[in-house]
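Me: I would like to go through this model by asking about its contacts and its packing. Please show it before we start.

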Amino acid sequence: MYNQSANGYSGGGGGGGPGYTENPQHNEQGEHLDEDDFGRTEEEFYEDMQRELADDAPWKRIQQNTFTRWANEHLKLVNRHIDDLQSELSDGLNLIALIEVLSQKKVPRHNKRPNFRSQKLENVSVVLDFLENTERIRLVNIDASHIVDGKLKLILGLIWTLILHYSISLPMWEFDKADTPGLAKDTTPKQKLMHWIQEKLPPELPITNFTSDWNDGRAIGALVDACAPGLYPDWSDRDPQNALENTKEAMDLAEHWLGIPQLIQPHEMLNPKVDEQSMMTYLSQYPKANLKPGAPIRPKTNSARVRCYGKGIEPNGNHVDTPAKFHVETFAAGKGNVDVIVINPKGQREKCDVDICNDKNQTYDCTYYPTMEGQYKVIVKFAGQEVPKSPFSPYIDGKAGDASRCKAHGPGLEANTVIVDKPTWFEIDATDAGNGLAEVVLVDSHGRQDVVPVAVKQTSPGKFRCEYVPRESGLHSVNIFFAGRPITNSPYGVNVASSSISSYDDIRDRFTPSEEDNYSSIELERSKSTTSVDTISHVRFQNASDAKKCRAYGRGIQPKGIRTGDVAEFRVFTKDAGEGVMKALVAGPEGLEIPCRITKDNSTTYTCGYVPTRIGPHTVNITYGGAHIPKSPFPVDVTPFKDSRIRAFGPGLEGGVIGFPADFVVETNGETGSLGFSIEGPSQARIECNDNGDGSANVRYWPTIHGEYAVHILCNDEDIPHSPFMAWIEEPGNFDSDKVKAYGLGLEPSGQIIDKPTEFTIDTHNAGEGQLRVQAIDQDYQPVDVHVKNNGNGTYTCRYTPRNANRHCILIDYAGVAIPHSPFRVWPTEPSNPSKVRVYGPGVERGVKMNAPTHFTVDCKEAGPVISSSFSSTNLNHRFRSLDSLDVDKCDNDIIPYKIDIQALDDEQQHCSFAAQHDDKNNALHVTYRPKARVTLVNVAVIW
């Protein structure tokens with residue numbers, strides 16, 4: 001006799017239906033253990049149980065089919081096939097063949113032609129002994145007779161044991177390392193498989209089980225595309241109403257191109273009673289899947305991800321006969337063609353030139369030439385679909401200014417005075433040219449237009465100052481346009497020189513330091529050549545500053561997330577960079593300068609901020625001592641203002657510590673859309689998202705290197721307001737926030753009273769050294785004052801006063817890391833007033849007659865609510881229950897316990913019986929009794 005559990009399962013994984021040991025609602029006999037959440041009577045419950053335990057229960061049929069297909073996938077290697085697990089394993093031969101394929105070992109000598117029961121029993125016994133003693137697979141409560149006699153439940157249990165051992169436990173997972181965050185050393189195969197799937201799938205598709213989460217066809221489509229990007233790219237666009245069709249298409253692709261056989265059928269996967277073990281068996285094939293050559297990989301086409309920007313589609317600023325330019329970025333939208341239709345005020349179509357740039361953003365440059373004044377319509381399509389915000393409605397003003405009347409001058413346009421890495425400038429005078437804006441395009445010696453940005457600042461009406469810093473030597477072309485036309489003498493040829501100049505006097509003139517230069521003086525060493533002509537053999541700079549040692553951090557220099565109207569801030573640190581002048585210049589679309597506030601916090605720290613007003617690409621140029629700091633200029637893509645009800649809060653949005661999760665909360669507040677998260681910083685950070693089921697999610701990420709991280713919170717692939725959040729991750733210290741304990745009424749889900757102080761205690765004495773921070777916010781995300789008192793023994797007493805009956809969140813972090821269970825959600829209520837409970841009726845008045853029925857009423861309507869953990873504080877209806885029938889400490893929050901004692905005074909031992917009718921709708925209790933004595937005492941107690 002081998003030990004195998006009565007349900008035939010040796011461990012690992014969860015049950016797919018009743019009868020499985022991991023099902024929390026039933027024991028092995030099918031007896032109900034927990035309270036029924038579905039409102040069923042006891043009789044109805046047992047009827048449902050009998051259906052679930054029947055031989056033809058849906059989950060059992062699915063499991064038998066799946067396990068049979070799994071066995072045949074292995075048996076086909078030895079030219080065997082079975083149709084019925086229950087009968088075709090009885091002689092042991094098919095079972096031996098299956099074990100030999102799985103183990104890659106030979107099973108000991110056995111009878112190859114078993115005709116008698118004894119021979120079959122011997123074969124099966126050989127197999128079971130081989131599994132337990134050679135393969136070290138633990139079997140419980142099973143022997144050879146169970147297999148020979150066709151005990152289906154135990155046979156399924158044995159097959160599950162083989163699946164668990166050979167298909168799920170043995171494979172080496174890509175994350176199967178001892179130090180993998182989120183996985184303990186004793187992680188079960190089921191947990192490992194779930195972890196692998198969660199890592200593969202996008203955050204907006206949270207998967208927490210192997211049953212109901214797979215019923216709509218989206219999860220399997222996403223998994224197929226995650227294993228082979230581009231194999232099923234449009235899974236998220238499929239109609240959920242066509243779940244069967246979508247599931248079949250995804251599984252067919254997986255079978256044909258990933259080599260994953262359909263051990264479970266699409267209609268079985270969508271069955272609400274789908275078996276968990278069957279799903280695990282099928283899904284366990286994906287970690288080992290490899291894409292076959294010739295697979296139909298196709299990028300996902302999504303016109304919603306196309307972005308348009310530029311002056312040509314803005315409401316104002318365009319002129320008749322002047323090129324109206326705009327750009328279309330398609331890098332995130334997949335493959336497709338860009339079509340532009342321009343309609344003038346008369347409804348006529350005008351020509352628009354569309355040229356692809358072949359850059360990393362797959363940008364198309366679009367130019368049209370308006371022929372008349374008035375309202376235009378610009379329609380932009382990608383792959384036949386209109387892009388977001390199309391059609392655009394630019395208004396075309398009258399004829400623009402005359403570029404031929406513009407003049408330009410300055411050292412930045414001189415042929416031989418510009419030097420590599422040294423800032424230079426020039427001015428454009430358009431005071432007599434009429435309406436228009438100045439634009440500058442600088443082409444370097446390699447013909448590139450996007451390498452050297454030019455900042456154009458309008459200093460006064462009709463005058464512009466332009467600044468740039470060349471990066472390489474050679475001939476550059478400075479192209480100057482006004483109102484879309486080149487000015488006189490444009491382009492200007494500028495020969496950018498390196499620092500190697502042989503003329504002593506010339507180099508003296510060129511290197512005369514100014515306050516913007518990153519050197520304070522130079523030393524020149526002359527040498528005599530064979531021709532007795534002075535040359536410069538060495539140039540030594542005496543550096544006053546080193547811009548390479550400067551650093552800049554903050555949301556204002558992030559590539560994505562800034563919207564029009566945002567206060568985009570960043571900080572510049574110049575420690576160890578020497579003496580120099582820090583400058584920050586922000587250039588918007590068309591090169592126009594945007595005002596940038598610079599505040600010097602101390603000798604080495606500057607806080608800067610700007611407010612963009614136009615959408616499109618911006619550039620933040622940060623220089624120190626005249627030289628750009630590392631990564632400058634910073635490209636910033638500004639998108640339109642967007643209002644959103646989604647809010648995020650928590651310590652993980654501000655900082656964290658290496659080795660600890662950084663936690664935060666996202667609340668949608670009823671807004672719909674696909675949530676997503678990305679973390680950008682010095683290291684990749686694993687992200688976990690737990691859907692709370694109430695429109696909120698708890699999110700955590702694990703950074704592994706210290707530094708600044710940008711936490712992007714996305715809705716439909718767009719940053720929500722204030723995203724990205726900038727978090728600074730510190731090196732680990734001598735603390736453990738997991739050892740901080742917090743307790744008390746102030747942290748309980750209910751029990752707090754409006755306008756009444758409530759307290760809780762925080763115990764940090766075992767947590768090491770760290771800074772404690774306690775915050776509270778109400779449902780409107782307004783701060784609630786929390787008074788924290790240090791008790792001097794490692795504990796703190798905290799007190800706050802809720803001001804309204806909405807949900808409050810208490811956030812506690814220690815050394816920048818959230819403590820266990822933070823944030824704490826509490827729901828304060830209006831104060832109750834038991835003194836307003838009224839007891840009235842003939843049964844409590846004079847004139848009660850012996851042996852005659854009488855009654856009275858207990859009315860709690862005006863006494864206010866019972867303290868409840870319900871989300872709504874306006875529900876004042878509660879249930880009366882006799883104190884004799886319940887435990888006050890364990891009763892539900894909406895129950896009002898009561899105690900009624902009716903006693904005859906002539907005989908203290910004699911108590912009258914009574915009947916109580918509950919009127920829960922009106923918060924009242926009606927009591928009827930028959931007095932047995934002339935004088936009777938009625939005691940009524942209501943426990944609030």
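Me: Leaving aside neighbours within four places in sequence, which residues is tyrosine 282 in contact with?
Reply: This is a predicted model, where local features need pLDDT of at least 70, side-chain atom pairs count only at pLDDT 80 or more, and totals for chains, interfaces and linings use all residues. Residues are numbered from 1 along each chain as its sequence is written, and side-chain values use heavy atoms, with hydrogens and water left out. Contact means heavy atoms within 4.5 Å. On that basis tyrosine 282 touches Ile220, Met251, Ala254, Ile260, Pro261, Gln262, Leu263, Ile264 and Met269.

Me: Which helix gives the most residues to the largest nonpolar core?
Reply: A nonpolar core is a set of buried (under 20% relative accessible area, 1.4 Å probe, protein chains only) Ala, Val, Leu, Ile, Met, Phe, Trp, Tyr and Cys residues joined through side-chain atoms within 4.5 Å. The largest has 73 residues, and Ile159, Trp214, Tyr282, Leu283 and Tyr286 touch the most other members. Helices are DSSP runs of H or I, at least four residues, numbered from the N terminus. The top contributor, with twelve residues, is helix α7 (residues 152–169).

Me: How are α4 and α5 oriented to each other?
Reply: Helix α4 (residues 93–103) and helix α5 (residues 117–134) pack with their axes 9 Å apart, at an angle of about 25°. Axes are lines fitted to C-alpha atoms over the stretch in contact, with angles running from 0 to 180 degrees between N-to-C directions. Angles under 35 degrees count as roughly parallel, so α4 and α5 are roughly parallel.

How values were computed
Buried < 20%, exposed > 50% of the residue type's maximum accessible area, 1.4 Å probe, protein only. Helix = DSSP H or I, 4+ residues; strand = E, 2+ residues; numbered from the N terminus. Parallel < 35°, antiparallel > 145°, perpendicular 65-115°, else oblique.
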